[in-house]
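Here is a friendly walk through one protein chain, meant to be read with the structure open beside it. Take each section in turn and find the named parts as you go.

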Amino acid sequence: MADSAEGGLPLVSILTPSLNQAEFIEDCLRSVVVQDYPRLEHRVVDGGSTDGTVEILRRYGSRLAGWTSRPDAGQAEAINAGVGDSRGEIVAWLNSDDFYYRTDTVSSAVRSLLAHPEAAFVYADGVMVDEGGCLLDWHRYPALNAERLMSFEVLLQPTVFMRRAAWEESGGLRNAYRLILDHDLWVRIARRHPIHHVSDFWAVERTHARAKTIADAARFVEEGLRLLAEWESDPEFRARSTDEQRRIRAGAHVFAAKRLIDAGDFAGSLRHLARAARVRPRSVLRVWYKLAHAAGGAAGLGGLFLTYRAARRRWQHASRHLTVSEDGIRWNRPNE
């Protein structure tokens, strides 16, 4: 990975936090190795893995700007440390179970940042796959601002590329949040600066049983409501219009309802949707399908929904799966 200046292009630093993800991390590493951007450094901060991750890092050592493996206090500490050791003007992090979708993802992000000098960070759309890389869904994201982010509309973290100046001004990730640490950061940055969405697919999010969004789904609720309480104590929040405050509060409860559906707590999900409806009915109408899912689950029909979703995905995607190799990133079908 080149380090010398080429055509005045900015250096991009990519950090990968990791802990016992040996079955996935090689796809992550390869997806960075095959990037066509000439000024790129990749660092891995491993939390002391014991599953073979270290052996993989040793094999890739010559292609990394650096890597460490020792116990830490969690993802926030690992990423903050990695950013502190890096030198890039542009910073991103790529979790060890995710990977980039295209070989020109980094180039596209840099072009976007250069074209939008007002933006503190850029982000794009993404692909969801299962643990084996089989396609589950395409995820398109809207153009967001601080208010929509505070309403718990989310973006796809591995597609975010931010300016170091914005990272440093924000103070980086906070250890107070272990699950929504990225969303907390995006809000703090977006409250001070514009952000920019690119309508293109840049990264792949892998969903599996050990992913935080699945394994710790219910715990997202506590952190989301705690973050809302933090905002509500801020004079800037109280200065917002009544409708903005309602939208943010209702958004927090819709977010909680979605996470509780993932956790299988359908009754709890319905309670949060009811609270959101009392605050701002429009916020619930926008996610009527989640209301239907929660109601069906509470009535004992959750398994029927999962069966339907699995059948829909098989019909739509015909079991396409992504492979990442030294030759690039490409779609395959089971018999290819």
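## Helices α12 and α14

The axes of α12 and α14 approach to within 8 Å and cross at roughly 140 degrees. That angle makes α12 oblique to α14, and the crossing of the two is left-handed. Please keep in mind throughout that this is a predicted model.

On the α12 side, the contact is made by Phe266, Ser269, Leu270 and Leu273. Facing them from α14 are Lys290, Leu291, His293, Ala294, Ala295, Gly297 and Ala298. Sorted by character, the residues of this contact are 7 nonpolar, 3 polar and 1 charged.

## α11 and its partner α12

Now move to α11, which also packs with α12 (residues 266-279). Their axes come within 8 Å and cross at roughly 165 degrees. An angle over 145 degrees counts as roughly antiparallel, and that is therefore how α11 runs relative to α12. The crossing of α11 past α12 is left-handed.

From α11, the contact takes in Arg246, Arg249, Ala250, His253, Val254, Ala256, Ala257, Leu260 and Ile261. They meet Phe266, Gly268, Ser269, His272, Leu273, Arg275, Ala276 and Val279 of α12. The residues of the contact divide into 10 nonpolar, 4 polar and 3 charged. Phe266, Ser269 and Leu273 of α12 are worth a second look, as they take part in the contact with α11 and also in the one with α14.

## α11 and its partner α9

α11 has a contact with α9 as well. Here the axes come within 9 Å, with a crossing angle of roughly 170 degrees, so α9 and α11 are roughly antiparallel to each other.

Phe220, Val221, Gly224, Leu225, Leu228, Trp231 and Glu232 are the α9 residues involved. Their partners in α11 are Ile248, Arg249, Ala252, His253, Phe255, Ala256, Arg259 and Leu260. This contact divides into 10 nonpolar, 2 polar and 3 charged residues. Arg249, His253, Ala256 and Leu260 of α11 appear in the contact with α9 and again in the contact with α12.

## A loop residue beside α11

Val287 sits in the loop between α13 (281-285) and α14 (288-298). Is Val287 buried or exposed? Its relative accessibility is 6%, so Val287 counts as buried.

Beyond its neighbours within four places in sequence, Val287 is in contact with Val254 and Lys258. Val287 and Lys258 are 29 residues apart along the chain, and 9.5 Å separates their C-alpha atoms.

## The largest nonpolar core

Which residues touch the most other members of the largest nonpolar core? In this set of 40 residues, they are Trp93, Phe121, Met162, Trp186 and Trp231. Contributions of at least two residues each come from α3 (75-85), β4 (90-93), β6 (121-129), α5 (146-150), α6 (164-170), α7 (181-190), α9 (219-232) and α11 (242-262). The largest share, 6 residues, comes from α7. Another core, of 20 residues, lies apart from this one and includes Val32, Leu40, Ile90 and Ala92.

Setting aside neighbours within four places in sequence, Trp186 is in contact with Trp93, Phe121, Leu149, Leu155, Gln157, Val160 and Met162.

## His183 and Phe152

His183 lies in helix α7 and counts as buried because its relative accessibility is 6%. Again leaving out neighbours within four places in sequence, the contacts of His183 are Leu149, Phe152, Glu153 and Val154. Leu149 thus turns up in the contacts of His183 and in those of Trp186.

Phe152 belongs to the loop between α5 and β8. Although Phe152 is not a glycine, its phi is positive, at about 65 degrees. With a relative accessible area of 6%, Phe152 is buried.

## An enclosed helix and an unusual loop angle

Why is helix α4 (residues 105-115) described as largely enclosed by the rest of the structure? The reason is that 8 of its 11 residues are buried: Thr105, Val106, Ser107, Ser108, Ala109, Val110, Ser112 and Leu113. These buried residues pack against β1 (12-18), β4, β5 (99-100), β6, β8 (161-163) and β9 (196-206).

Asn20 is found in the loop between β1 and α1 (22-33). Phi of Asn20 is near 50 degrees, a positive value in a residue other than glycine. Asn20 is partly exposed, with a relative accessible area of 26%.

Key. Residues are numbered from 1 along each chain as its sequence is written. This is a predicted model: local features need pLDDT of at least 70, side-chain atom pairs count only at pLDDT 80 or more; totals for chains, interfaces and linings use all residues. Side-chain values use heavy atoms; hydrogens and water are left out. A nonpolar core is a set of buried Ala, Val, Leu, Ile, Met, Phe, Trp, Tyr and Cys residues joined through side-chain atoms within 4.5 Å. Buried means under 20% relative accessible area, exposed over 50%, partly exposed in between (1.4 Å probe, protein chains only). Helices (H or I, at least four residues) and strands (E, at least two) are DSSP runs, numbered from the N terminus. Contact means heavy atoms within 4.5 Å. Axes are lines fitted to C-alpha atoms, for helices over the stretch in contact, and angles run from 0 to 180 degrees between N-to-C directions. Angles under 35 degrees count as roughly parallel, over 145 as roughly antiparallel, 65 to 115 as roughly perpendicular and the rest as oblique. Ala, Val, Leu, Ile, Met, Phe, Trp, Tyr, Cys and Pro count as nonpolar, Asp, Glu, Lys and Arg as charged, and the others, Gly among them, as polar. A crossing is left-handed if the near helix is turned anticlockwise from the far one by less than a right angle, and right-handed if clockwise.
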